[in-house]
Amino acid sequence: MSLGWNVHKENFWPENKVLNSMKLRGGYGVLGNDEMENFRFANFMVSGSNYTNSGNNIIIGYAPSTLANPHLKWEQTSQLNIAADFKLFNNFTFTADWYKKKTTDILRQINIPGYVGVPNLPWSNVGDMQNSGLELELGYKKNWEDFTLSVNANFATIKNKVLRLEDDIDYFNLASFQTMGPVSRVQVGQPYGSFYGQTYSGVFQNQAQVDSYVNSNGEKLLPDARPGDFIWQDNNGDGKIDENDKVNLGSSIPKYTFGLTVNLTYKDFDFMMFAQGQAGNKIFQGLRRLDLPDANYQTRILDRWTGEGLPTIIRE
């Protein structure tokens, strides 16, 4: 459903050379997503679970292909848009569009224990997620006999948030990296695929600093540390450094996207140039592979820690 109002066509609109036209519009709609194979709510019997009888004869056996989910339903996405379109000074156009998009009952295969004994993971409606933001576009177009210039620039924001996960769990891990284990997760209240990890406050400069890094009971927080190692932080304050100290390190989803397009025409010749970019997101840098001795390093390795008093990033 969508509605629009061309305000400049009303009788009260004064003709002028500044704001040539204005249109207000809005829309709301709900779409379903059934992008999955048919009958994923059911469990069918499939062959392959063969066995032998008392006479050592092989009998073809059948077993369920997965677990049934009679409550499985379509994923739905609702979206609300409120926008305004303007034409200014006869050659400029400007559009502002605010949107809010919510997806509920997201379809996903869920993990189950191996002892269940089915070959395929069952499908389930695992949670809800929301995107909201603002999209802006500014354009300019001008003709001079055989020459035409057209310039369009756009800018958009996006705020992503996970609203709910299956069985009211708080999070599940999304991606892992070699010896580091999980590096991103899907967590309620945070953007999808946010990075999670340990934080550090510097580098141990000497053994005395290592020995003095203790908890309230006087126990070393990092008993195996050596000078040059990171000073990992006890973020939850439980007196030990472990997986529970991982914190949100930022989102992999850009907060801002932008672009520029320039078109030039002269008689039968034309030229086009475009650029695009994004900002406000984190990128996982996986060049320093601990499992490969010959992995590539950045030039930051030249500033590695080699002795006391060097406030650098890694031990040699």
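1. Surroundings of Asn81. In this predicted model, Asn81 touches Arg25, Gly26, Gly27, Asp97, Trp98 and Tyr99, when residues up to four places away in sequence are left aside. Asn81 itself is placed in strand 7, which covers residues 75-88. Two polar contacts involve the Asn81 side chain: one with the side chain of Gln79 at 2.9 Å, and one with the side chain of Asp97 at 3.1 Å. Asp97 is thus both a touching residue of Asn81 and a polar partner of the Asn81 side chain.

2. The salt bridge beside Asn81. Arg25 and Asp97, both among the residues that Asn81 touches, meet through their side chains in a salt bridge of 3.9 Å, N to O. This pair links distant parts of the chain, with Arg25 in strand 2 and Asp97 in strand 8 (residues 92-104), 72 residues apart. Asp97 counts as buried because its relative accessibility is 10%, under the 20% limit for that class. Arg25 has a relative accessible area of 30% and is therefore partly exposed. The Asp97 side chain accordingly takes part in the polar contact with Asn81 and in the salt bridge with Arg25.

3. Surroundings of Ser78. Ser78 is another residue of strand 7. Residues up to four places away in sequence again being excluded, Ser78 touches Tyr28, Gly29, Val30, Lys100, Lys101 and Lys102. Its C-alpha atom is separated by 47 Å from that of Thr299, a residue 221 places apart from Ser78 along the chain.

4. The nonpolar surface patch. Met1, Tyr28, Val30, Leu80, Ile82, Trp98 and Leu134 make a nonpolar surface patch of about 680 Å². Strand 2 (19-33) and strand 7 each supply at least two of the patch residues. Leu80 is one of the members and is found in strand 7. Its relative accessible area is 33%, so Leu80 is classed as partly exposed; the value is over the 30% required for patch membership. The patch also includes Trp98, a residue touched by Asn81, as well as Tyr28 and Val30, which are touched by Ser78.

5. Salt bridges at Arg164. The structure holds seven salt bridges. In one of them Asp105 is paired with Arg164, with 3.6 Å between the closest N and O atoms. Here too distant parts of the chain are linked: Asp105 lies in the loop between strand 8 and strand 9 (107-109), and Arg164 in strand 13 (residues 159-165), 59 residues apart. Arg164 also forms a salt bridge with Asp128, where the closest N and O atoms are 3.1 Å apart. Because Arg164 is in strand 13 and Asp128 in strand 11 (residues 127-144), this second pair ties together parts that are 36 residues apart in sequence.

6. The network and its burial. Which residues are linked with Arg164 in a network of salt bridges? They are Lys73, Asp105 and Asp128. Are Asp105 and Asp128 buried or exposed? Asp105, at 16% relative accessibility, counts as buried, and Asp128 is buried with a relative accessible area of 13%; both classes follow because the values are under 20%. Arg164, in contrast, is partly exposed, with a relative accessible area of 29%.

7. Aromatic pairs. The count of aromatic pairs comes to eleven. One of them, Phe86 with Phe94, is stacked, at 6.3 Å centre to centre and 25 degrees between the planes. Phe86 has a relative accessibility of 22% and so counts as partly exposed; Phe94, at 28%, also counts as partly exposed. Phe204 and Tyr213 form an edge-to-face pair, with centres 5.8 Å apart and 65 degrees between the planes. Both of these residues, Phe204 and Tyr213, are buried. In addition, ring pairs link Phe39, Phe41 and Phe44 into a cluster.

How values were computed: Residues are numbered from 1 along each chain as its sequence is written. This is a predicted model: local features need pLDDT of at least 70, side-chain atom pairs count only at pLDDT 80 or more; totals for chains, interfaces and linings use all residues. Side-chain values use heavy atoms; hydrogens and water are left out. Helices (H or I, at least four residues) and strands (E, at least two) are DSSP runs, numbered from the N terminus. A polar contact is a pair of N or O atoms within 3.5 Å; within protein, one must be able to donate a hydrogen and the other to accept it, and residues adjacent in sequence count only if both atoms are side-chain atoms. Contact means heavy atoms within 4.5 Å. Patches are made of residues with over 30% relative accessible area and no salt bridge: like charges are joined within 9 Å, nonpolar side chains (Val, Leu, Ile, Met, Phe, Trp, Tyr) within 5 Å. Accessible areas come from the Shrake-Rupley method with a 1.4 Å probe; for residues, only the protein chains shown count as cover. A salt bridge is a side-chain nitrogen of Lys or Arg within 4 Å of a carboxyl oxygen of Asp or Glu. Buried means under 20% relative accessible area, exposed over 50%, partly exposed in between (1.4 Å probe, protein chains only). Rings of Phe, Tyr and Trp (its six-membered ring) pair if their centres lie within 6.5 Å; planes under 30 degrees apart count as stacked, over 60 as edge-to-face and the rest as tilted.
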